[in-house]
Amino acid sequence: MTAPLLQVDDLHVRFPISGGGLLGAGRRMLHAVNGVSFSLAKGECLSIVGESGCGKSTTALSILGLQEPTAGTIRYRGQPLTGPGAPSRMQRAKAVQMVFQDPYASLNPRQSVRTSLAAPLRLHGITAASEIEGRIEAIMKNVGLTPEQARRYPHEFSGGQRQRIGIARALILEPEIVVLDEPVSALDVSIRAQIINLLLDLQEKLGLSYLMISHDLSVVEHMSDRVLVMYFGEVVEEGGWRAIFETPAHPYTRRLIAAIPDPDAALSPHAREDRFADIPLLAGRRFVADGSTAPDVFTAPAPSELVEVAGDHRVRLASV
Amino acid sequence: MTAPLLDIRDLRLGVSLGRSAQHPLLKNVSFQIMPGEAYGLVGESGSGKSVTSLAVMGLLKKPLAVSGGEILFKGKNLLALPKREMRRLRGNRIAMIFQEPMTALNPLSTVGRQIAEMFVLHQGKSWGEAHTLAVEALGNVRVPNPDRRAKNYPHQMSGGLRQRVMIAMALACNPDLLIADEPTTALDVTVQAEVLRLIKELCAARGTAVLFISHDLGVIASICQRVGVMYAGCLVEENETRALFENPRHDYTRGLLGALPRLGSRSEHGRQRLVDIDSIIADRSKLTETRFITPRDAQGSQP
């Protein structure tokens, strides 16, 4: 078996909160990410799901190098991305890129699309005009736009086209890993389908690996190979998409699935309750079913292990 | 058969361009909402669903103007109503909740005071009585510790709590019609599910009719009895929710339904490409030529 493309081991991110004396003694810490480990294989789509504040974006930012982890290691092709000997941002940019949620906010309104796409190429030492032109032309075609449209400015495009440009911008340096942060949640339903189809086509064509962050589980089911469910900084369940969607064992995963406004379930009221009736539900760690209390994020959770319930399907259980 | 609560007839609305020219935004939109019924309007951005709701609320601003048709609320044409009377209806008999609760709430006033204001303005209560009622209203939308929360400013609350405050304000005077314009789009899925359940239960308990606007077909299906599909300012298809989902007749509706990733369909059928609306509809300009409006079943559609 080949080494995974990206390997994250025991990642911790803590943020200092107000208070504490001089030199930070007794300072309160917010434990945003607690011991998250996962690996991403070449050509795979791994999704991290969970609600706002569960640490999924912080995890992704750590991988992009935009958030320094407090502890833990992130390896890309076996090379550490953090600590001494870590690659510079320039080197990292060739490995990992990101597609943002809001295509309106993530493009520079004063630069034509061509300028936005050419800048990273120039920074990475590609200065021949013909090569820059060629690569821009190729990437525009790949995302379903015409090369001539690169002369326009972001405001001249619709939301869906802007997201295509966001994807082009992420792919121009030919990274192997693309972090997708809620790539379609800001788009209309009809446009959403086009972007999802495009992302899947590009993944196949270019052999990309996706790390997708989302709370829309119907999109996650459609796109992912593996799924990581996060709850207050911890991975509470992980497995292949089939295991997560057909035999979810953690109560929080079931709540997330039940929360999707799904027309089929809404129109046949019995289907949803019966769906997982035969599958054993395990008591989830730090999880209260009615959602009335949330875990304390200011103290570090007690160490615990993910328990294997089936091949490639692990769940974190309540400590007894 | 009972009379409809809201009866929109041939509503035409547009952007004024100079003296007499007008760019049309709504082209002869007609639909009815029965007392206590939840009616959904779906469509993409720019299809005219939000301007329809603003027209009902009488909140259209220049250069938007109604150019024809009638909006009958309990038999009275809202478009012909004097401003004073419209103000009396708005917030009292017809209430609205918006997509972004942070911009809809006043940041400089406590949420308790903002809810209490409804009782003072519309029911002539004193501020003292109104405050007690406001705390009760917060309890009804299941805000934990309502006495303490009433003293909060909007920025001290999460998105889900703010939307609950909006619902408490909207339902304060027991309106006959609640207009909800994408009320859960800005929320997390789990919070969205709670807020939807709340709207559904509270309106069912009080007999409040709902005009629910969304681009999310799943949300519409979970809350509405009848659905109208809007495209480019026209109501292109209208039917009971189940019938619309099981047997969509308009190309556009079919496209919308096919574009939706459905939970469980990948386990059953494997991963299939989502329908690209543009690939099944050759000429979008022809889309509004045909319309499929299924007449209301005289008995069956009553909730």
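Helices and strands are DSSP runs, with at least four residues for a helix (H or I) and at least two for a strand (E), numbered from the N terminus. In this predicted model, residues 8–257 of chain B are 41% helix and 27% strand. This briefing covers that stretch, then a helix pair and a hairpin in chain A.

**Annotated region of chain B**
- An unreviewed UniProt entry annotates residues 8–257 of chain B as "domain: ABC transporter".
- The C-alpha atoms at the two ends of this stretch are 26 Å apart.

**Helix pair in chain A**
- Helix α5(A), residues 159–171, packs against helix α6(A), residues 189–206, at an angle of about 20°.
- Their axes lie 10 Å apart.
- Because angles under 35 degrees count as roughly parallel, α5(A) is roughly parallel to α6(A).
- The crossing of α5(A) past α6(A) is right-handed.
- On the α5(A) side, the contact involves G159(A), G160(A), Q163(A) and R164(A).
- On the α6(A) side, I191(A), Q194(A), I195(A) and L198(A) make the contact.

**Hairpin in chain A**
- Strand β11(A), residues 306–310, and strand β12(A), residues 313–316, run antiparallel and are joined by four bridges.
- Within this pairing, A310(A) of β11(A) faces H313(A) of β12(A).
- Two residues lie between the strands of the hairpin, and D312(A) adopts a positive phi near 55°.
- Strand β11(A) is hardly covered, as zero of its five residues are buried.

How values were computed:
Residues numbered from 1 in each chain as written. Chains lettered and ligands numbered in written order. Predicted model: local features only at pLDDT ≥ 70, side-chain atom pairs only at ≥ 80, totals over all residues. UniProt positions renumbered as here; feature names shortened; annotations may be inferred. Buried ≥ 20, exposed ≤ 12 C-beta atoms within 10 Å, placed from the backbone. Pairing = 2+ DSSP bridges. Axes fitted to C-alpha atoms, helices over the stretch in contact; angles between N-to-C directions. Parallel < 35°, antiparallel > 145°, perpendicular 65-115°, else oblique. Left-handed = near helix turned anticlockwise from the far one by under 90°. Contact = placed C-beta atoms within 7 Å.
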